[in-house]
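Welcome! Here are some short exercises to work through with the structure open beside you. Try each task before reading its solution.

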Amino acid sequence: MSKASELLEIGRRHLYGNYKPSPFVVARGRGCELFDADGKRCLDLAAGVAVSCVGHAHPVLTAAIAEQAGKVIHASNYYWNESNIRLAAELCRRTGFDRAFFCNSGAEANEALLKLARHHFWGRGDKTRQRIVAFQNAFHGRTMGALSMTGTPKYREGFGEMGPVTHVPYGDLDAVKKAMGPDVAAVIVEPVQGEGGVFVAPSGFIAGIRKTCDEHGALLFVDEVQTGVGRLGRFLGHDGCGARADAIALAKGLAGGVPIGAMLTTEALAGALPPGTHGSTFGGNPLACAASLAVLKILDDEKLVAGAREKGEALHAMLERVVAELPTVCESARGDGLLRGLVLAPGHVARDILPTILDRGVMLTAAGERVLRFSPPLVVTIAELEEGVAVVRKVLAEIASRAASSPAAAGGTPQTKTL
Ligand code: PLP
């Protein structure tokens with residue numbers, strides 16, 4: 001039995017069954033490559049769901065983590081720590097926000113936003129402003145508060161009553177206006193709905209929400225968990241949209257894979273969560289913050305943010321060629337920066353095709369029902385993108401020719417074994 005099979009057997013017996021992982025036991029990585037426990041190579045164009053922005057085992061990040069681990073990993077928020085202070089200042093400098101709260105994940109960052117909104121109005125004597133306006137298809141995380149704002153009903157099903165949240169169609173400003181009222185504390189929006197299916201906010205949408213929030217005295221939150229830290233070719237996904245949020249959530253790429261989340265706020269909200277109202281044991285620990293400072297340095301040194309824009313456009317052109325060549329299986333390509341989706345034709349299910357793509361040595365993720373999502377490390381090369389798209393093209397071409405030779409199979413989903 002190979003080492004990978006042995007580990008799979010133990011994992012299947014002992015790990016909780018809330019995930020359905022592909023049978024690839026990650027052992028190590030370098031750049032955009034991951035190797036399994038038997039040494040099998042895979043090209044990683046998923047980056048652990050838009051996380052590993054500087055690739056795997058980047059020497060500068062590895063050294064920063066090792067150096068910080070050799071000094072101190074954790075001391076708690078009962079005390080100040082240097083990398084936490086420096087990271088807060090650096091993020092404020094880059095984004096124009098004034099205050100940083102650190103936690104450990106995207107869901108936690110959104111929980112912080114939710115508590116911020118409610119406590120802000122409560123502190124001003126307005127106890128009725130509790131409702132959030134969010135979007136259908138939105139993804140904000142799996143903890144109960146974040147889940148209440150997540151706009152995919154199947155994720156909320158079975159978990160009981162959720163706080164007051166109104167979900168309206170993404171991109172529909174009139175629907176946002178209709179949903180507003182004196183009880184709305186905040187609107188939360190993603191610049192691109194990553195999990196929902198790589199839907200890009202229409203031009204003027206976030207600026208329109210900003211105006212609506214101002215008219216109704218509500219706060220605007222932007223969930224930058226997937227879009228922030230350079231993924232869209234600018235540091236924040238909503239940079240340049242003509243509006244600023246009152247607060248944002250960051251996570252995923254922020255420390256290149258070391259767990260971290262952050263809420264950044266304006267000075268006007270600095271007092272909304274006074275001591276004792278919110279916190280996290282691990283949040284802002286020296287290790288995660290040192291890793292994040294190293295990631296920010298790498299982004300600058302290797303010009304990865306501008307690179308995400310250029311390489312994202314190149315990737316989009318490659319995907320559009322696949323769409324043009326294989327119109328029976330592909331519908332369109334969409335996205336921004338290095339967050340791109342290849343939208344499959346109706347009847348094809350993205351997650352059913354992923355195992356075949358993985359078998360051929362490429363890691364992608366599904367977004368929504370019909371989208372193959374590309375969210376590669378920002379250090380990806382054009383050659384690697386070409387390699388990955390060629391594999392995807394071949395798999396889709398096989399599906400198209402199978403469907404053509406057996407019309408009954410058209411729209412069916414391929415099985416790895418039969419290809
Ligand atoms: N917000 C957005 C936009 C996300 O894409 C995700 C995760 O995919 C989250 C929040 C939740 O982040 P986490 O899984 O780190 O809790």
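**Exercise 1.** Sort the shell around the ligand by residue class.

Solution. Keep in mind that this model is predicted. Step one: the shell has three nonpolar residues, six polar ones and four charged ones. Step two: in total, 13 residues surround the ligand, and the closest are Gly 106, Ala 107, Asp 223, Gln 226 and Lys 252. Step three: look at where they come from. Helix α5, residues 106-123, gives the largest share of the shell, three residues.

**Exercise 2.** Find which polar atoms of Gly 106, Ala 107 and Gln 226 lie by oxygen atoms of the ligand.

Solution. Start with the backbone. A polar backbone atom of Gly 106 is 2.8 Å from an oxygen atom of the ligand, and a backbone N or O atom of Ala 107 is also 2.8 Å from a ligand oxygen. Now turn to side chains: an N or O atom in the side chain of Gln 226 lies 2.7 Å from an oxygen atom of the ligand. Finally, consider the cover: on its own the ligand has 390 Å² of accessible area, and the protein covers 82% of this.

**Exercise 3.** Decide whether Val 329 is buried or exposed, and list its contacts.

Solution. First, locate Val 329 in the loop between α12 (304-325) and β13 (330-336). Next, apply the cut-off: buried means under 20% relative accessible area. Val 329 has 1% relative accessibility, so it counts as buried. Then list the contacts: leaving out residues up to four places away in sequence, Val 329 touches Leu 344, Ala 345, His 348, Leu 396, Ile 399 and Ala 400. Last, take one of these partners: Leu 344 is 15 residues from Val 329 in sequence, while their C-alpha atoms are 5.7 Å apart.

Conventions: Residues are numbered from 1 along each chain as its sequence is written. This is a predicted model: local features need pLDDT of at least 70, side-chain atom pairs count only at pLDDT 80 or more; totals for chains, interfaces and linings use all residues. Side-chain values use heavy atoms; hydrogens and water are left out. A residue is near a molecule or strand if one of its heavy atoms lies within 4 Å of it. A polar contact is a pair of N or O atoms within 3.5 Å; within protein, one must be able to donate a hydrogen and the other to accept it, and residues adjacent in sequence count only if both atoms are side-chain atoms. Accessible areas come from the Shrake-Rupley method with a 1.4 Å probe; for residues, only the protein chains shown count as cover. Helices (H or I, at least four residues) and strands (E, at least two) are DSSP runs, numbered from the N terminus. Ala, Val, Leu, Ile, Met, Phe, Trp, Tyr, Cys and Pro count as nonpolar, Asp, Glu, Lys and Arg as charged, and the others, Gly among them, as polar. Buried means under 20% relative accessible area, exposed over 50%, partly exposed in between (1.4 Å probe, protein chains only). Contact means heavy atoms within 4.5 Å.
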